[in-house]
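Open the model in your viewer and keep the sequence panel visible. We will go from one selection to the next.

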Amino acid sequence: MPPSTSPVRQVDESVLKAITLIADQFAIEGEFAEGEEVHSGHINSTYRVTFESGDGSLNRYILQRINEKVFKDPLAVMRNVECVTRHINWKVLRVKKDLGGQTLNLYPGRGGRFWVAGPNGGIWRCYNCIEGCFTYDIVENTRQAYQAARAFGSFQDLVSDLPPDELEETIPRFHDTRMRYERLMEVAESDLHGRAGAVSAELEFVRKREAEVDRVLDGLRSGDIPQRITHNDTKINNVMIDGETDEAVCVIDLDTVMPGSVLYDFGDLVRTAVSPAAEDEQDLSKVQLRMPMFEALVEGYLEAGKEFLKESEVSLLAFSAKLITLEIGIRFLTDHIEGDVYFKTQRPGHNLDRARTQLQLVEEIEANMDQMERFVKKVWKGQ
Ligand code: GN1
Ligand code: MG
């Protein structure tokens, strides 16, 4: 496995038994051979399972349990995912043949639906495994950055003709940065776990930037920024990259596909691709903005988006990186103060570490904002 790809973990006997039972409920050919946990993402539980067919061939699949604490209506998530995968597969096959690569497909459960209920509750679904590809937690080179940005741009392009109200808002006000800001201030005020005092510097940092949180929301409200169907979780590890060619093959994790702004998607991609440091890095001196990565992201994204993006969107691309990094920093800090109830954590203070890297990156972005804006303009004008 290449060094920065998402890790995989062996599972114990009881988990193996449970996922064998789940896997058997899907219309998968052959016999269950093995399973492992894919440790990627802070929300759902993900397993890769291998089935052996009668002729001895091995095929792999992705099994996922939807986190129903986060997604209060998991069946609405499934309706959105079904709608988007069906649309993309249809387009890739019949309309835009050049946007081929592999696509995400849901496997039906034996009852005919695209999900099954787990024996201990929960909604599970099964996807094909995108073979020969990896997800990267840290981008290694500008080709990966360019490719990932082009893939997310193409994804938005592929769904751009689906009316936004075809999809349900599975997490209301997901990228409402004003709401996220107010919520942080509320939890800091009630401070049920006595953690707010120790993060007063971080809270002050956020307060100083309050004026920024409404910028995209105001544009959406006025109609200046169009509402579109967007991915809403465009972390760099949500795109599968070919291990040999570094070509982006398929966008994954469609759970938060909802009406939104393309700015949220581009911003989150910058947040997770420009820094050489992990999202939970404790040494903040490692958090940096690698300008060549940013430039590759802009080039890849505008290449895919040149047909459908509006000037009002392009003019806020650089700013969106700051906005989303601040927003996710706010969310991690909120979860830390609230007692780590939302994001999965692996150590005490994990969410605080994550919040600090985000705020550090906000500073890095601020220091480079003029240069970033100039670069976006240059590429857009040159198209
Ligand atoms: C969560 O689970 P994952 O890693 O795909 C979160 C995103 C955050 C991200 C931060 C539904 O995404 O919004 O940006 O963590 N997803 C949800 O790493 O809240
Ligand atoms: Mg996700």
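This tour of a predicted model visits the domains, then the ligand shell, then a helix pair.

**Stop 1: the two domains.** Colour residues 8–131 as domain 1 and 142–382 as domain 2. Their C-alpha centres are 26 Å apart. Now look at where they touch. On the domain 1 side, 23 residues make contact with 22 residues of domain 2. The touching side of domain 1 consists of eleven nonpolar, nine polar and three charged residues.

**Stop 2: ligand 1.** Select Gly-41, His-42, Ile-43 and Val-70, then add Asp-233, Lys-235, Asp-253, Thr-256, Glu-279 and Ile-328. These residues surround ligand 1. Which domains supply this shell? Domain 1 and domain 2 each give at least three residues. By class, the shell holds four charged, three polar and three nonpolar residues.

**Stop 3: helices H4 and H10.** Show 177–190 for H4 and 317–338 for H10. The two axes come within 9 Å and cross at roughly 30°. Angles under 35 degrees count as roughly parallel, so H4 is roughly parallel to H10. The crossing is left-handed.

Next, show the side chains where the helices meet. From H4, pick Thr-177, Arg-180, Tyr-181, Arg-183, Leu-184, Val-187 and Ala-188. Facing them in H10 are Leu-323, Glu-327, Ile-330, Arg-331, Leu-333, Thr-334, Ile-337 and Glu-338. Colour this contact by class: eight residues are nonpolar, five charged and two polar.

Conventions
Residues numbered from 1 in each chain as written. Chains lettered and ligands numbered in written order. Predicted model: local features only at pLDDT ≥ 70, side-chain atom pairs only at ≥ 80, totals over all residues. Axes fitted to C-alpha atoms, helices over the stretch in contact; angles between N-to-C directions. Helix = DSSP H or I, 4+ residues; strand = E, 2+ residues; numbered from the N terminus. Parallel < 35°, antiparallel > 145°, perpendicular 65-115°, else oblique. Left-handed = near helix turned anticlockwise from the far one by under 90°. Contact = placed C-beta atoms within 7 Å. Nonpolar A, V, L, I, M, F, W, Y, C, P; charged D, E, K, R; others polar. Near = placed C-beta within 6 Å. Domains from an automatic or database assignment.
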